[in-house]
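Trainee: I have a model open and would like to learn how to read its features. Could you walk me through it?

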Amino acid sequence: VNILLAPFNVFMPVYADKILKSGEQGYSYMGMAIMVGTMLGAIIVGQLGHRFKRSTKIIGGFIVFGSSIGALGFVDSLIPAILLCTVTGVCLPVIS
């Protein structure tokens, strides 16, 4: 997971500053959204994880993770970026 999230963490400050024009405040909101999403994802996996095969969860998690990161390339507003970061965070416990 860290190998996937490391490049994201590198471009996130530049993305918040240059694309979203929200500076360090936007960067902080995006970071918080990832953490909130991670907590939600852990609760979801804890409650529903036993219903799906491990391979299904991991493949689905990677697909949603990649899609949410890719969708950030089409977003130039802070609120949608925060929502996509939350989705990204939800995927982290699923693929771990």
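Trainee: Let me start with contacts. Of those in the chain with a separation of 6 or more, what percentage comes from residues 24 or more positions apart?

Mentor: Sequence separation is the thing to look at here. In this predicted model, residues 24 or more positions apart account for 69% of the contacts with a separation of 6 or more.

Trainee: Which elements does the chain have, and in what order do they run?

Mentor: Read them from the N terminus on: the order is α-α-α-α. That is four helices and zero strands.

Trainee: How does the radius of gyration of the chain compare with the globule rule?

Mentor: Set the value beside what the rule gives for the chain length. The radius of gyration is 13 Å and the rule gives 12 Å for 96 residues, which is close, so the chain is as compact as a globular protein of that length. Along the principal axes, the C-alpha trace spans about 40 × 20 × 20 Å.

Trainee: And how much of the chain is buried, and how much accessible surface does it have?

Mentor: Of the 96 residues, 31% count as buried. The accessible surface comes to about 5900 Å², and carbon and sulfur atoms hold 70% of that.

Trainee: What span should helix 2 have, and what do its end C-alpha atoms show?

Mentor: Helix 2 covers residues 23-48, which makes 26 residues. At 1.5 Å a residue it should span 38 Å, and the end C-alpha atoms are 37 Å apart, so the two agree.

Trainee: Which residues of helix 2 are buried?

Mentor: They are Gly23, Gly26, Met30, Ala33, Ile34, Gly37 and Gly41.

Trainee: How many aromatic pairs does a search of the whole structure find?

Mentor: A pair of aromatic rings is described by the distance of the centres and the angle of the planes. The search finds one pair. Phe11 and Tyr15 form it, with 5.9 Å from centre to centre and 80° between the planes. Planes over 60 degrees apart count as edge-to-face, so this pair is edge-to-face.

Trainee: Where do Phe11 and Tyr15 lie, and is Tyr15 buried or exposed?

Mentor: Both lie in helix 1 (residues 2-19), four residues apart, about one turn of the helix. Tyr15 is buried, with a relative accessible area of 7%, whereas Phe11 is partly exposed at 31%.

Trainee: One last case: how far apart are Ser55 and Ser77?

Mentor: Keep sequence and space separate. Ser55 and Ser77 are 22 residues apart in sequence and 34 Å apart in space, C-alpha to C-alpha. Ser55 lies in helix 3 (residues 54-71) and counts as partly exposed, at 39% relative accessibility.

Methods
Residues numbered from 1 in each chain as written. Predicted model: local features only at pLDDT ≥ 70, side-chain atom pairs only at ≥ 80, totals over all residues. Heavy atoms only, no water. Phe/Tyr/Trp six-rings, centres within 6.5 Å; stacked < 30°, edge-to-face > 60°. Helix = DSSP H or I, 4+ residues; strand = E, 2+ residues; numbered from the N terminus. Buried < 20%, exposed > 50% of the residue type's maximum accessible area, 1.4 Å probe, protein only. Rg over C-alpha atoms; globule rule 2.2 N^0.38 Å. Contact = heavy atoms within 4.5 Å. Areas by Shrake-Rupley, 256 points an atom, 1.4 Å probe, with all protein chains shown as cover. Expected span 1.5 Å × (residues − 1).
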